[in-house]
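Reader: I have a model open on my screen and a few labels I'd like explained. Can you take me through them?

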Amino acid sequence: MRRLLAVRTAGGLTAGHVRVAADALGVTERTVWRWLAAAGRDEAAAARPGARAREDTRFTVTPEVRCLLALWKGNVRAVHRELVARAARQSPPGYVPSLTTLHRALRRDLDAGERAGLALGPEAARAHDVFGKRPASWRNHAWESDHVQAPLLVDADGDLVRPWITWFIDTATKVITGTAVTPGHPSRASVLAALRAAVVREEPYGPAGGVPEQVRVDRGKDFLSTAVTTALGAMGVTVKDLPAYSPHLKGTVENLNRAADRMLFAALPGYTAGPTARRGSGRRGRTAGSEKPASTLSFQDFTEQVLTWTNWWNTAHHPKALSGRTPLEAWQADPTPVTDIPAADLWAFTLEDDGRPRKLTGHGVHWRGRTYSAAWMTGQAGIRVQVRYMPHHDHRIEVFDPVTGRYLGSADLADQATAEQISAVRKVRAARTRRLRKDLEASQRERYAAATKPAPPRRLGALSAAEADRELGEAAESDLSKLALPDLIPHAPPPAHWRTPPAVAAGTAPLPPVSAPDDVPPDAPPHAVPEPDTHPAGDA
């Protein structure tokens, strides 16, 4: 290599020399040219052609490169262009590695999880992590619970909605112990309904169930509400509040959510998450999924499908972790004792307490501005009662004795509106909501002129002077803070022995001079002069 370098320095190096050297060394001609270029920069490189650079001199990924990689979503070529542009603005120009060197440094200094996270976010990085498995446990040792929204549309009383499912699953046997379906957004009432179905083992629930030792939930406010935590605490269940954005800590229920999407929802009509075909009628961008589905299930039929699939999961599905057994078979084969709670007691646990005793009047029980009555209240007027209720189920309350806790009976809303009246009210509310939303969007919409050259944005929409004055006048008349007259009646000065800031004392009106009555001598002491009347006329 040194001889070739000397020939090159003398100006007599030809392609034939390089070809002969490449054949002798067993490398390509391009490699020989690269070695010659490296030897020209550093004579020490001629002694060891092709040797890698030292650890302390080779290019490494810097925090600047990491930030650029996150900014450009993992696009290495864009990061290289940015490095070249930044180096060109320096004086003298800074060093920029080649694109190949940058790729090699990223593969060497960043693992696959870091590269995925900088390109796509933490969720992509988590896919490359390694998670440990919890040790094997026994039935009802730990349950996991979660909400999942079904990616399909169902008919709920004439409206197309995407229902939610709340369920509890036993982590040891993979059996689904309780399920509740809600047409709209779930609430603590959904959690309590699923919990009641999970614990009770009598028909139509069971046979799996009972009281678990602990329940793992995420930081959802429904699961951590007072009603849910109180009900679980009354049964002696420990609530494990998992950290946010940690689905791997409750992997059993997360796997159940994914299984339901692939094995249940995808086979039902109205599924919205599947691939859609572009229409060929010339309407660009419009797909079949953007229109109303041709056929949808009713909410009742969807609930039946969910419960049927849950039964299939428990009795016919064979998860790999159970070694050929179904979840129900694994649950029944476990000899761990099961703690049961009578359905009546459990029903009382899952009700929310009103918090204070109330009096049973001749009209019934007054609660939240409404009156609830029942036939069993006859002859009971005047006693003190305690109200408990299922959250959001305001059509009925449950009445208990506040001292002994004995259940007295249910009470329904008196003078309850008919179904036709409720439907009419909902339609009026929906129309008002649409009108208000439309007015709000119109008030916030700004139109700008299109620009073909660099220029400041120019708003469109002209107003006459009269229109502007009229709108400003209406706004001023509706602003109560501008209509207030705090200085209309000045405050009287504070007593002399008060420590008053000068700014406050300056804002008070001085007292009018008081002349002494004719019957008081000029040299009378101050206490003999009557106090002035500081109240305006008409305030007495």
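Author: Sure, let's start with a facing pair: Ser145 stands opposite Phe168 in β4. Keep in mind that this is a predicted model, where local features need pLDDT of at least 70, side-chain atom pairs count only at pLDDT 80 or more, and totals for chains, interfaces and linings use all residues. Residues are numbered from 1 along each chain as its sequence is written, and side-chain values use heavy atoms, with hydrogens and water left out.

Reader: What makes β1 and β4 a pair?

Author: Two strands pair if DSSP finds at least two bridges between them. Strand β1 (residues 142-149) and strand β4 (residues 164-170) have seven bridges, in the antiparallel sense, so they count as paired. Strands here are DSSP runs of E, at least two residues, and helices are runs of H or I, at least four, numbered from the N terminus.

Reader: Which strands make up the open sheet, and in what order?

Author: The order is β5-β4-β1-β6-β7, with mixed pairing. β5 (176-182) and β7 (238-241) are the edge strands, as each pairs on one side only.

Reader: Why is Glu144 called buried?

Author: Buried means under 20% relative accessible area (exposed is over 50%, partly exposed in between; 1.4 Å probe, protein chains only). Glu144 has 1%, so it is buried. You'll find Glu144 in strand β1.

Reader: What does the side chain of Glu144 reach?

Author: The backbone nitrogen of Thr252, at 3.2 Å. A polar contact is a pair of N or O atoms within 3.5 Å; within protein, one must be able to donate a hydrogen and the other to accept it, and residues adjacent in sequence count only if both atoms are side-chain atoms.

Reader: How do you know that the span of helix α5 agrees with what it should be?

Author: The expected span is 1.5 Å times one less than the number of residues. For the 13 residues of α5 (residues 76-88) that should give 18 Å, and the end C-alpha atoms are 18 Å apart, so it agrees. Among the buried residues of α5 are Val76, His80 and Leu83. The buried residues of α5 pack against α4 (63-71) and α6 (99-109).

Reader: Which elements have the lowest and the highest mean pLDDT?

Author: pLDDT is the predictor's confidence in each residue, from 0 to 100. Helix α1 (residues 2-10) has the lowest mean, 60, and β4 the highest, 95. Over residues 280-290 the pLDDT is below 50. Where pLDDT is low, the predicted coordinates should not be read in detail.

Notes. Contact means heavy atoms within 4.5 Å.
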